[in-house]
Every structure is written in structure tokens, then in C-alpha cells.
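Biologist: Please take a single part of this model, examine it closely, and then set it in the context of the rest of the chain.

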Amino acid sequence: MAVEVPEVVEVRKLLEELDEKALIARLDSFVRLNEGLETKKGEDFIKVSILGFLEGTLVSLRRKYPENEKVEGLLERVSKRRAELDTKFRKPKPPIFENME
């Protein structure tokens with residue numbers, strides 16, 4: 001993979017442990033789809049996209065395996081990292097709204 005997202009390896013390993021073959025195939029497909037977009041969209045944009053996909057996958061796994069601590073821990077880390085990167089893509093508030101909070 002051109003864009004390094006270590007969480008992909010961790011989620012894939014967890015999916016293998018849970019024998020979620022269909023989700024493994026979807027994850028691999030999604031990552032492959034994003035590989036070529038790096039030069040067009042930028043590395044951080046692709047990372048946010050992949051982390052968002054991982055987050056959604058882990059939310060689904062949390063519902064299916066509510067007692068699994070690995071799912072919960074990985075979900076927390078992925079969500080935090082995605083949120084941190086996501087701030088780079090938020091548009092600043094126009095000056096007219098600065099003092100309205």
C-alpha cells in the first residue's frame with residue numbers, strides 16, 4: 001500500500017481472528033481502491049478515508065461482538081486518529097461567525 005495506515009494491518013488481523021472473511025475482502029478492496037487516489041487527493045485525505053472505513057467496520061464489529069475488548073480498544077484508537085486527521089479538512093468559520101459561540 002502506498003499510504004501507510006498501520007491500523008489496516010491490525011483490523012485485518014482482528015477480522016482473521018473473528019473469521020470475518022467477507023469483511024476482509026471488503027477491507028482489501030477498499031484499500032486497493034484508494035491506492036491510486038493518493039496523488040489526486042493527497043496522502044492525509046486518503047488516510048482519513050481509510051480510517052473512516054475502518055471505524056465503520058469496527059462499529060459494526062462492536063455491535064456483533066459487544067464483549068470483545070480488542071474491538072473496543074481498536075475502535076477507540078482508530079476513531080481518535082481519524083478525528084485528529086479530519087481536523088485538517090474542516091473549513092474555518094467565516095469571520096462573521098467568530099463571536100457567536
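Modeller: I have chosen the loop between H1 and H2, in which Asp 19 lies. This is a predicted model, in which local features are given only at pLDDT of at least 70 and side-chain atom pairs only at pLDDT 80 or more, whereas totals for chains, interfaces and linings use all residues. Numbering starts from 1 along each chain as its sequence is written, and side-chain values rest on heavy atoms, with hydrogens and water left out.

Asp 19 is not a glycine, yet has a positive phi of about 60°. In general, most residues other than glycine have a negative phi.

Glu 20 belongs to this loop as well, which leads into helix H2 (21-35). Helices here are DSSP runs of H or I with at least four residues, strands are runs of E with at least two, and both are numbered from the N terminus. Glu 20 has a relative accessible area of 10% and is therefore buried; buried means under 20%, exposed over 50% and partly exposed in between, with a 1.4 Å probe and protein chains only. Its side chain makes a polar contact with the side chain of Tyr 65, at 2.5 Å. A polar contact is a pair of N or O atoms within 3.5 Å; within protein, one must be able to donate a hydrogen and the other to accept it, and residues adjacent in sequence count only if both atoms are side-chain atoms. Leaving aside residues up to four places away in sequence, Glu 20 touches Tyr 65, Lys 64, Leu 61 and Leu 15, where contact means heavy atoms within 4.5 Å.

On the H2 side of the loop, Leu 23 lies in the helix. Leu 23 counts as buried because its relative accessibility is 19%. With residues up to four places away in sequence again left out, Leu 23 touches Leu 15, Thr 57 and Leu 61. The C-alpha atoms of Leu 23 and Leu 61 are separated by 9.8 Å, although the two residues are 38 apart along the chain.

The two helices that the loop joins have axes that come within 9 Å and cross at roughly 160°. H1 is therefore roughly antiparallel to H2. Axes are lines fitted to C-alpha atoms, for helices over the stretch in contact, with angles from 0 to 180 degrees between N-to-C directions. Under 35 degrees counts as roughly parallel, over 145 as roughly antiparallel, 65 to 115 as roughly perpendicular, and the rest as oblique. H1 passes H2 in a left-handed crossing, meaning that the near helix is turned anticlockwise from the far one by less than a right angle; clockwise would be right-handed. From H1, Val 8, Val 11, Arg 12, Leu 15 and Glu 16 make the contact, and from H2, Leu 23, Ile 24, Leu 27, Asp 28 and Val 31.

Val 11, placed in helix H1, is buried, with a relative accessible area of 1%. The C-alpha atom of Val 11 is 8.9 Å from that of Ile 24, which is 13 residues away along the chain. Beyond four places in sequence, Val 11 touches Leu 27, Leu 54, Leu 58 and Leu 74.

Helix H4 (residues 43-64) packs against both H1 and H2. For H2 and H4, the angle is about 170° and the axes are 10 Å apart. H2 is therefore roughly antiparallel to H4. Leu 23, Arg 26, Leu 27, Phe 30 and Asn 34 of H2 meet residues of H4 that include Phe 53, Thr 57 and Leu 61. For H1 and H4, the angle is about 25° and the axes are 11 Å apart, so these helices are roughly parallel to each other. The H1 and H4 crossing is left-handed. On the H1 side, Glu 7, Val 8, Val 11, Leu 14 and Leu 15 take part, while the H4 residues include Ile 50, Leu 54, Leu 58 and Leu 61.

Glu 35, in H2, is partly exposed, with a relative accessible area of 34%. Its C-alpha atom lies 7.1 Å from that of Val 3, 32 residues apart in sequence.

Finally, the chain as a whole has 5 helices and 0 strands, and 32% of its 101 residues are buried. Of the contacts between residues at least 6 apart in sequence, 68% join residues at least 24 apart. The mean pLDDT is 87, and 83% of residues reach 70 or more; pLDDT is the predictor's confidence in each residue, from 0 to 100. Confidence is highest in helix H1 (residues 6-17), with a mean of 95, and lowest in helix H3 (residues 38-41), with a mean of 64.
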